[in-house]
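Please open the structure in a viewer and keep the selection tool at hand. The tour below proceeds from one selection to the next.

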2 protein chains.
Amino acid sequence: MNSTHIELRHLRLLQALSEAGGVTAAAERLHLTQSAVSHQLKALEAALGLPLVERAARPAQLTAAGRRLLALAHAALPQVDAALRDLSKLRDGDAGELRIAVECHTCYDWLMPAMDSYRDVWPAVELDLLGGFQADPIALLLEQQADLVVTSDPTPRAGVTYVPLFGFEMLALLPPGHALAAKKWLLPRDFAGHTLITYPVPEDRLDLVRRVLAPAGIKPPRREAQLTVAILQLVASRRGLAALPAWAVAPYLERGYVVARPIGKHGLWAELHVALRSADAGRAYLADFIDTVRRDSFARLPGIRPLAGGG
Amino acid sequence: MNSTHIELRHLRLLQALSEAGGVTAAAERLHLTQSAVSHQLKALEAALGLPLVERAARPAQLTAAGRRLLALAHAALPQVDAALRDLSKLRDGDAGELRIAVECHTCYDWLMPAMDSYRDVWPAVELDLLGGFQADPIALLLEQQADLVVTSDPTPRAGVTYVPLFGFEMLALLPPGHALAAKKWLLPRDFAGHTLITYPVPEDRLDLVRRVLAPAGIKPPRREAQLTVAILQLVASRRGLAALPAWAVAPYLERGYVVARPIGKHGLWAELHVALRSADAGRAYLADFIDTVRRDSFARLPGIRPLAGGG
DNA sequence: CCATTACATGAACAGTACTCATATCGAACT
DNA sequence: AGTTCGATATGAGTACTGTTCATGTAATGG
């Protein structure tokens, strides 16, 4: 009979599987254990009487049946999400104000496209991006001057809720042909004697300085630049080294404009979170914005990874 | 958050609810108890934070939120079903032979349109309708001369599986203005002294005779006609009484061509089942045909009701 | 007004989807 | 080869959620 017990959960699983390229990675996205995904997949295959993924292939390859189900997922899940959005609007109204403060300079790159696709779905929400560097953006939240803050520092504060966005790697940038490019990864001492090119922010807000160089007692001279391209240009013209998120430099790496190396054996990983007033946590248009941003990020940004408790 | 735990089950529930017009009727369609549907509905409404049905309204009226979810169901569920069909085809192949024997004359009326919509979905299946009256159509199954038999008599036989289609009421037909039309329902003795107009089948295949008149010792004279319209014509011209399925005469009743009355206080209810070789029970193109027929019947035929174990 | 029908509710049960712990597998590296 | 490491599979146990059963309550119609 066709009473095959298929559910949206299964479609979400298959989608995550194909996007993540493996059971373990898919499990993270779904906030499940690897075991759960493995079991669920097996059960689904048994119920359908068809294999869905080519076992032993990295990244996981879907079978014809798997691809057919994935097509269903791509067709149906957006419809479901749209319906749930509409229901949220019915429940909470469809208007609101959404002022966003951003701590990190490179975030504008991916925030803008996410905002665009969000606007399509919540046209009545007033979107605003707060400009300039903020010393304490969380304060803006509590003073009701911002509704959402993108930050890399989720220190608990009363009345503030943090939602994890993603983890990303900070890469050290060298000019092509630099002597350090011979190394697989860089150590703190490798930075000694080089100028560090950064955005114009206090030193204690630079992950590289705070977490790597300062603990090792290394204090290289700094030079500041406002724009990402300016930093890259300075590196390329051998004025110093820089450290930027992997996603921000990926296009320049491809063109060989600069060279990137991990910082430390396992790389220097940072996180981004969204902060909002706990009182607003229930607002659908806010929650959906975070959702949109995250979805958009994972679709667009290379080399990012999910965080515990995140999406 | 939008992680609202909605599932296809819920969409199926809402669809059944709107089609059936009530919790109890929906439960029957879904092969669940009324309690299960009630619980599920309540849980869904709680999860969404929105009422979905207007309590206290017959037939059940959906709220705006309910209608939005129903729209989702109508959009998504056919896609799901199509995908499952495609998977069946991947598993079992998409071709097959489907020869149908029909026991009941009036069945052609609704079988034809169902066959048409089935052909759209399984174009490679060879569809055949066996003509003429069959004394023992089940024998045709076992002799491999038919693959599917529509019958009202699901007596267990080795190697044969029965799938319930639906229950329907046999209505007694009178000419307009007939004396018996004054009664709310007819009793066996009311048939005494009237000619009984029937299809040309043995008496023991007529539910009215076998289950009502014969037990009461009443043996009215019979007159046979091949076509439904002919029977109706004879009744209208006062040559006798007849008993036909409610759905078959509904259009004629509307036009006042004949008058119908239940047979007995609770009416004379009969059933239709599909018989197939147990060996074929797993074949997707067969199972899906039965599904199509049933879906089609419930959508098109007035006054039929689901059977235990049926769809 | 009582009988009937439809829906709601609570407790108990059953089935299922998880997690945890452990085993197996395959590839890369000595 | 053997070893190590990452990724997937498997089994047992658990927590949870969906379902049923039994009963209560609210409307409906003769």
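Begin with the surface near DNA strand D, which in this predicted model comprises eleven polar, four charged and three nonpolar residues. Of the 18 residues around the strand, select those that come nearest: A:Thr24, A:Ser35, A:Arg55, B:Ser35 and B:Gln40.

Next, colour the helices that supply this surface. At least two residues each come from α2 (23–29) and α3 (34–48) of chain A and from α3 (34–48) of chain B. The largest share, five residues, belongs to α3(A).

Now display individual atoms. Which parts of DNA strand D lie within 4 Å of the protein? Sugar or phosphate accounts for 55% of those atoms, and bases for the rest. Three polar pairs may be inspected in turn:

- A:Val23 places a backbone N or O atom 3.2 Å from a phosphate oxygen of DNA strand D.
- A:Lys42 has a side-chain N or O atom 3.3 Å from a phosphate oxygen of the strand.
- B:Ser35 has a polar side-chain atom 2.5 Å from a base nitrogen of the strand.

Then leave the DNA and select A:Leu98, A:Trp110, A:Phe166 and A:Phe289. Within the largest nonpolar core, which has 70 residues, these touch the most other members. Strand β6 (residues 160–174) of chain A gives the most to this core, namely nine residues. The core lies between domain 2 (94–166 + 270–305) and domain 3 (169–267) of chain A, because both contribute residues to it.

Centre the view on A:Leu98. Beyond its neighbours within four places in sequence, its contacts include A:Tyr118, A:Val125, A:Leu148, A:Tyr285 and A:Phe289.

Finally, select A:Leu13, A:Leu44, A:Ala83 and B:Val37, which are among the 56 residues of another core, apart from the largest one.

Notes:
Residues are numbered from 1 along each chain as its sequence is written. Chains are lettered from A and ligands numbered from 1 in the order in which they are written. This is a predicted model: local features need pLDDT of at least 70, side-chain atom pairs count only at pLDDT 80 or more; totals for chains, interfaces and linings use all residues. Side-chain values use heavy atoms; hydrogens and water are left out. A residue is near a molecule or strand if one of its heavy atoms lies within 4 Å of it. A polar contact is a pair of N or O atoms within 3.5 Å; within protein, one must be able to donate a hydrogen and the other to accept it, and residues adjacent in sequence count only if both atoms are side-chain atoms. Helices (H or I, at least four residues) and strands (E, at least two) are DSSP runs, numbered from the N terminus. Ala, Val, Leu, Ile, Met, Phe, Trp, Tyr, Cys and Pro count as nonpolar, Asp, Glu, Lys and Arg as charged, and the others, Gly among them, as polar. A nonpolar core is a set of buried Ala, Val, Leu, Ile, Met, Phe, Trp, Tyr and Cys residues joined through side-chain atoms within 4.5 Å. Buried means under 20% relative accessible area, exposed over 50%, partly exposed in between (1.4 Å probe, protein chains only). Domain bounds come from an automatic or database domain assignment. Contact means heavy atoms within 4.5 Å.
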